[in-house]
Amino acid sequence: ACQHRLWPEIESVVKQQVAWARTGIGECGQGWQLFAEDGEMRMYRREEEVDGMAVDPLKAVHTVPGITGHEVCHYFFGPQYRYDWETTLEQMTVLETVSDDTLVFLQTHKRIWPASQRDVLFWSHMRKLPNENDRDGPDLWTVVNNSTTHLDYPPNVGKCVRIYLKVCLLCQTRVDPPKDGAPLTRDNISCKITYCSVVNPGGWAPASVLRAVYKREYPKFLKRFTAYVVNQTKNKPIMF
Ligand SMILES: Cc1cccc(-c2n[nH]cc2-c2ccc(F)c(-c3ccc(S(=O)(=O)CCO)cc3)c2)n1
């Protein structure tokens, strides 16, 4: 995979996205608006427009007990699970298997009235990262999804408007070992999840409608996806 045409871009985008995900909301500077809160989940967005289109950057943080960062990334990355948790997905195709940790997807999603239906073509890369803050702590895991091109699937040919997205899911496992030296169980672990996304709708879509959809869909997605991972892993050995 190191010789693949995408490799240089993947390297630079992953570094950039992970650095961005690691930057706390306070450090990001002004303009972040908390727009959803549910238990441990906090969702922030910044209202930004490009050519009159809302491309609001989003940053969500969530802490989920009982699962690890490797497990969260495994279920987010794997195509075999996506129809189970991605409720707005209409069609998903793996166009290319670059390597066992890098895939190219083409997805069409349910239409957001009154805008046209959207499709998205992106590479998806999963990677374990060394834990720089705590050398003997558990590693971080990340999945980065970044829009790309594919000669056989040029944008805006059929009925779908091609959207452009950059997504980073960064996960940090936390282990609180049991006092009495007993073996680790899922009661002793939790995962801090940071989900960042910037979506350019690619063509006309009313900012007010998009913002209403984002406000509804993002919290629903993160809650549903994390509940799915908890449910899929609860009777399985812990995957660190
Ligand atoms: C979670 C969410 C947020 C904002 C909008 C919507 C939504 N509602 N109806 C249609 C969509 C929609 C349209 C186009 C898209 F590309 C994605 C899309 C969203 C997330 C991702 S991902 O990379 O985070 C997970 C992989 O599917 C990819 C595409 C979602 N869903």
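**Close-ups of a ligand pocket and two backbone oddities**

**View 1. Polar partners of the ligand.** In this predicted model, a polar atom in the side chain of Gln-107 sits 3.0 Å from an oxygen atom of the ligand. Asn-145 has a side-chain N or O atom 2.9 Å from an oxygen atom of the ligand. For Glu-86, the distance from a side-chain N or O atom to an oxygen atom of the ligand is 2.4 Å. On its own the ligand would expose 610 Å², and the protein buries 96% of that area.

**View 2. The shell around the ligand.** Here's the wider setting: the ligand sits in the largest pocket. The elements giving two or more residues to the shell are α4 (79-85), β7 (102-109), β11 (164-175) and α5 (207-233). Which element gives the largest share of the shell? That's α5, with five residues. There are 20 residues around the ligand, and the ones that come nearest are Glu-86, Gln-107, Asn-145, Ile-163 and Tyr-195. Sorted by class, the shell has twelve nonpolar residues, along with four polar and four charged ones.

**View 3. A cis peptide bond before Pro-114.** Zoom in on the loop between β7 and β8 (118-129), and you'll find Pro-114 there. The peptide bond joining Trp-113 to Pro-114 is cis, with omega at about -5°. As a rule, most peptide bonds are trans.

**View 4. Positive phi at Asp-51.** What is the phi of Asp-51? It's positive, about 50°, even though Asp-51 isn't a glycine. Most residues other than glycine have a negative phi. To find Asp-51, look in the loop between β3 (49-50) and β4 (53-54).

**View 5. Stepping back to the chain.** To place the close-ups, it helps to see the whole fold: the chain has five helices and twelve strands. Its radius of gyration is 18 Å, close to the 18 Å that the globule rule gives for 240 residues, so the chain is as compact as a globular protein of that length. Along the principal axes, the C-alpha atoms fill a box of roughly 60 × 40 × 30 Å.

Note on methods. Residues are numbered from 1 along each chain as its sequence is written. This is a predicted model: local features need pLDDT of at least 70, side-chain atom pairs count only at pLDDT 80 or more; totals for chains, interfaces and linings use all residues. Side-chain values use heavy atoms; hydrogens and water are left out. A residue is near a molecule or strand if one of its heavy atoms lies within 4 Å of it. A polar contact is a pair of N or O atoms within 3.5 Å; within protein, one must be able to donate a hydrogen and the other to accept it, and residues adjacent in sequence count only if both atoms are side-chain atoms. Accessible areas come from the Shrake-Rupley method with a 1.4 Å probe; for residues, only the protein chains shown count as cover. On a 1 Å grid over the protein atoms alone, a cavity is a set of points where a 1.4 Å probe fits but cannot get out, and a pocket is an open set with protein on both sides within 12 Å along at least five of seven lines; lining residues have an atom within 4 Å of a point. A molecule sits in a cavity or pocket if more than half of its atoms lie within 2 Å of its grid points. Helices (H or I, at least four residues) and strands (E, at least two) are DSSP runs, numbered from the N terminus. Ala, Val, Leu, Ile, Met, Phe, Trp, Tyr, Cys and Pro count as nonpolar, Asp, Glu, Lys and Arg as charged, and the others, Gly among them, as polar. The radius of gyration is taken over C-alpha atoms; the globule rule is 2.2 Å times the number of residues to the power 0.38.
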